[in-house]
Amino acid sequence: MGQCGITSSKTVLVFLNLIFWAAAGILCYVGAYVFITYDDYDHFFEDVYTLIPAVVIIAVGTLLFIIGLIGCCATIRESRCGLATFVVILMLVFVTEVVVVVLGYIYRAKVEDEVDRSIQKVYNEYNGTNTDAPSRAIDYVQRQLHCCGIRNYYDWKKTRWFNETRTNSVPLSCCKPNIGNCTGSLDHPADLYPEGCEALVVKKLKEIMMYVIWAALTFAAIQMLGMLCACVVLCRRTRDPAYELLVTGGTYA
């Protein structure tokens, strides 16, 4: 019965180490996605520390690849030192992922205040040219999120660009895609996106942070199982060295 348990634990542990390699790629992808998306919205979010969870999760992903290699070798060879090292590193990574989850929730709660503080400034800097970073950011967000203005398209009346152009129009990025001859005129509000961008930007940034949180939670749970299996193998190896090794069939340690 004990031999069956130890063999099962070793098999599960080897399988989990393969999952760790896949997890390494997924975590790095999630972190890179956060960086790329943040770059599109960085003008609306001034707190660069929000990227800390993404940085940490990329580091964890890189470390998981190394952990998977150590775990496979230690499990197959049933190295006491290797398994102990494996468990310790997993514990450290697990604690790190808990920190990522906590930071994710903290920064997720700060998103609305950050956007509210910076979005008016960004709209005031709009000048309608593609060479200007705030202008590109606003046009990109309005097209991608199907929104116009801060709370609605009438917010454009308060901007410097609107007063300087004196056309009673908003940027063409406010136009609905199915309107072929839209000029952005406020005289034809049905041609424009009715919803403001502030709420949608906040929603998007919170979704991004949730990706990080869920990725960290998912792989933290997998690591818990990995630590449990490694401890079973390690404890059995310590108490009773005379059991069948995984790689040698009937040979005894």
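## A walk from Tyr 153 outward

Let's start with Tyr 153, which is buried, with a relative accessible area of 14%. Keep in mind as you look around that this is a predicted model. Right beside it in the sequence is Tyr 154, which comes out as partly exposed at 42% relative accessibility. The two rings pair up with their centres 4.9 Å apart and their planes at 50°, so this counts as a tilted pair. The structure holds six aromatic pairs in total.

Another of those pairs is Trp 156 with Trp 161, and here the geometry is edge-to-face, with 5.6 Å between centres and 70° between planes. Both of these tryptophans are buried. Which residues join them in an aromatic cluster? Tyr 123 and Tyr 126 do, giving one cluster together with Trp 156 and Trp 161.

Trp 156 is worth a longer stop. Leaving aside residues up to four places away in sequence, it touches a long list of neighbours, including Tyr 123, Ile 138, Cys 148, Trp 161, Phe 162, Pro 171 and Cys 174. Trp 156 also belongs to the largest nonpolar core, which has 59 residues. Along with Phe 44, Leu 64, Tyr 123, Val 141, Leu 192 and Val 201, Trp 156 is among the members that touch the most others. Helices α1 (2-41), α2 (52-77), α3, α4, α5 and α6 each give two or more residues to this core. The largest share, 14 residues, comes from α6.

Now for the charged side chains. How many salt bridges does a search of the whole structure find? It turns up three. In one of them, Asp 116 meets Arg 151, with the closest N and O atoms 3.7 Å apart. Asp 116 sits in helix α3 (residues 80-124) and Arg 151 in the loop between α4 (133-145) and α5 (160-165), so this bridge ties together parts that are 35 residues apart in sequence. Asp 116 is partly exposed at 41% relative accessibility, while Arg 151 is exposed at 53%.

Arg 151 has a second salt-bridge partner in Glu 198, at 3.5 Å from N to O. This one also links distant parts of the chain: Glu 198 belongs to helix α6 (residues 197-239), 47 residues away from Arg 151. Is Glu 198 buried or exposed? It is buried, with a relative accessible area of 10%.

The remaining bridge joins Lys 158 and Asp 155 at 3.7 Å, N to O. Lys 158 is exposed, at 62% relative accessible area, whereas Asp 155 is buried at 13%. As for the other two bridges, their shared partner joins Asp 116, Arg 151 and Glu 198 into one network.

A little further along, look at Ser 169 in the loop between α5 and α6. Ser 169 is buried, with a relative accessible area of 10%, and its side chain reaches the backbone oxygen of Thr 167 at 3.1 Å. Not counting residues up to four places away in sequence, Ser 169 touches Trp 161 and Phe 162, plus Thr 183, Gly 184, Ser 185 and Leu 186.

Finally, a look at the record. An unreviewed UniProt entry lists residues 12-36, 48-71, 83-107 and 208-235 under "transmembrane region". Take the stretch 83-107 in the model: the chain there is 100% helix and 0% strand, and its end C-alpha atoms are 36 Å apart.

Methods: Residues numbered from 1 in each chain as written. Predicted model: local features only at pLDDT ≥ 70, side-chain atom pairs only at ≥ 80, totals over all residues. Heavy atoms only, no water. Salt bridge = Lys/Arg side-chain N within 4 Å of Asp/Glu carboxyl O. Helix = DSSP H or I, 4+ residues; strand = E, 2+ residues; numbered from the N terminus. Buried < 20%, exposed > 50% of the residue type's maximum accessible area, 1.4 Å probe, protein only. Core = buried A, V, L, I, M, F, W, Y, C linked by side-chain atoms within 4.5 Å. Contact = heavy atoms within 4.5 Å. Polar contact = N/O pair within 3.5 Å; in protein donor to acceptor, adjacent residues only side chain to side chain. UniProt positions renumbered as here; feature names shortened; annotations may be inferred. Phe/Tyr/Trp six-rings, centres within 6.5 Å; stacked < 30°, edge-to-face > 60°.
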